[in-house]
Amino acid sequence: MAEREFSYRPRIVDSTLRRKIKGKGAVLIEGPKWCGKTTTAEQMSGSVLSVDDPASVRTNIMMSEINPETLLEGDQPRLLDEWQVAPKLWDAVRHHVDHHKGQGQFILTGSSVPADISETIHSGTGRFGWIVMRPMTLFESGESTGEVSLGGLFESPEVSGSSDIDITRLTFLICRGGWPESIDLDEDVALDQAFDYIDAVIKADMSRVDGIRRDPQKVRALLRSYARNLGGQISQAALSADLSTGGSDRVCEETVSEYLQALRKLYVIEDLKAWNPNLRSKTAIRSSDTRYFVDPSLAAASLRIGPADLVKDLNTLGFFFETLVVRDLRVYAESLDGDVYHYRDNLNNECDVVIHLRDGRYALIEVKLGGEALIEEGARTLKKVLSRIDTDRMGEPAFMAVVAGTERYAYRRDDGVLVIPIGTLRN
């Protein structure tokens, strides 16, 4: 079989990495496996050390203990790929940066947090820049036209553009995910990748991440329960109850908490924090995180379902689509120095996504599959949430929008709410 020709697909994080390299002695890129960290870092590296290379991993670990400077030798920026395999490298890099002044000396990539964070005796403050990298957005993978710029909306909330993503294509994109290696594969092969990913998490990664052996059956059951509760604020106690069948099979809340922490270290799950705005009344804001996977394909693989299953269950499809939108908006917003949150109060006023920029500007976004009724519902929700916010103190939102899955055209409604097909959006 002929080897596929490699062609690097530009990533939104490229410009962030270039900026960080100019401002820090070392830059750390974190994120899930297979999301493209190494490939992206290689585009800007002068030399590469694959710390986890099976042919040299034991030697690399040993050298990091006795003479780490040897591993740091090479043209700069020197890429230390999967550095967490040899945690002593962190302090070696910090020491090197301290004693060899200059920016852009090292790039470190890692797909998990070190097993023993105490191995890194210094935080790296002032020396390190941090970047979180995620699977590809639809714009990066070529499925979005990019006619609607998120950054542009904060300057002028006007939209135009069209998307050709229908429900069949949308369900495929959800189940394929944004894994770079999947983008150019035949569709049936591409759909296998997330299944393989989840199997690797269950059978190996969950025990390797911090050296604690975990029950694969419990891991699989927890992933299934998490996937069933996408877009919700289910508690650890409720997850424990969902997993427990009584007797020796009971899964206590402490075990659930510990397993969830391991999944976060692996960047398999990435929950959404609650937004805490100034409100017009004393209504209490619910602070629970909203549950999401880092990519919707991992939720589908956890439930062992595919595009055909989602088409038959539009309610479930809605939550999976929401996960895709949150994934993309996180990438887009972070490139604009923004953060993504959700909002919910004790009167059940709720907003799927709030984007809050560093300069204080914010936007309210609802996520709907599409169709006139759902778009109208989303617009009503946005206006109700806005009525709770103290705009005298917070200011008016830069824009309010319904991000839709199967709508063809981007447009502005008479009430000012934008309708944006996900297939038109970019950073």
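In this predicted model, leucine 364 sits opposite methionine 400 of strand β10. That pairing is a good place to begin, and the strands around it come next. Strand β9, covering residues 362-368, and strand β10, covering residues 399-404, run parallel and are joined by six bridges.

Both strands belong to a wider arrangement. An open sheet is built from six strands, and reading across it gives the order β7-β8-β9-β10-β12-β11, with mixed pairing. The edges are taken by β7 (338-344) and β11 (411-412); each has a single partner strand, so one side of each is left without a neighbour in the sheet. Helix α16, residues 372-388, packs on this sheet and touches β7, β8 (350-357), β9, β10, β11 and β12 (418-421). The direction of the helix makes about 150° with that of β9.

Charged side chains add another layer to the picture. Across the whole structure, a search finds 32 salt bridges. One of them involves the edge strand β11: glutamate 158 forms a salt bridge with arginine 412, and the closest N and O atoms are 3.9 Å apart. Because glutamate 158 lies in the loop between α7 (150-155) and α8 (167-176) while arginine 412 is in strand β11, the pair ties together parts that are 254 residues apart in sequence. Glutamate 158 is exposed, with a relative accessible area of 52%, whereas arginine 412 is partly exposed at 40% relative accessibility.

Helix α16 also takes part in a salt bridge. The side chains of lysine 383 and aspartate 415 meet at 2.8 Å, N to O. This pair links distant parts of the chain, with lysine 383 in helix α16 and aspartate 415 in the loop between β11 and β12, 32 residues apart. Aspartate 415 is partly exposed, at 32% relative accessibility, and lysine 383 is likewise partly exposed, at 35%.

A further salt bridge brings the description back to the numbering range of strand β9 (residues 362-368). Here lysine 368 forms a salt bridge with glutamate 366, the closest N and O atoms being 3.9 Å apart. Lysine 368 is buried, at 12% relative accessibility, and glutamate 366 is buried as well, at 4%; both assignments follow because buried means under 20% relative accessible area.

Finally, salt bridges can also be followed as a network. Asp91, Arg94, Asp98 and Arg127 are linked in this way.

Note on methods
Residues are numbered from 1 along each chain as its sequence is written. This is a predicted model: local features need pLDDT of at least 70, side-chain atom pairs count only at pLDDT 80 or more; totals for chains, interfaces and linings use all residues. Side-chain values use heavy atoms; hydrogens and water are left out. Two strands pair if DSSP finds at least two bridges between them. Helices (H or I, at least four residues) and strands (E, at least two) are DSSP runs, numbered from the N terminus. Contact means heavy atoms within 4.5 Å. Axes are lines fitted to C-alpha atoms, for helices over the stretch in contact, and angles run from 0 to 180 degrees between N-to-C directions. A salt bridge is a side-chain nitrogen of Lys or Arg within 4 Å of a carboxyl oxygen of Asp or Glu. Buried means under 20% relative accessible area, exposed over 50%, partly exposed in between (1.4 Å probe, protein chains only).
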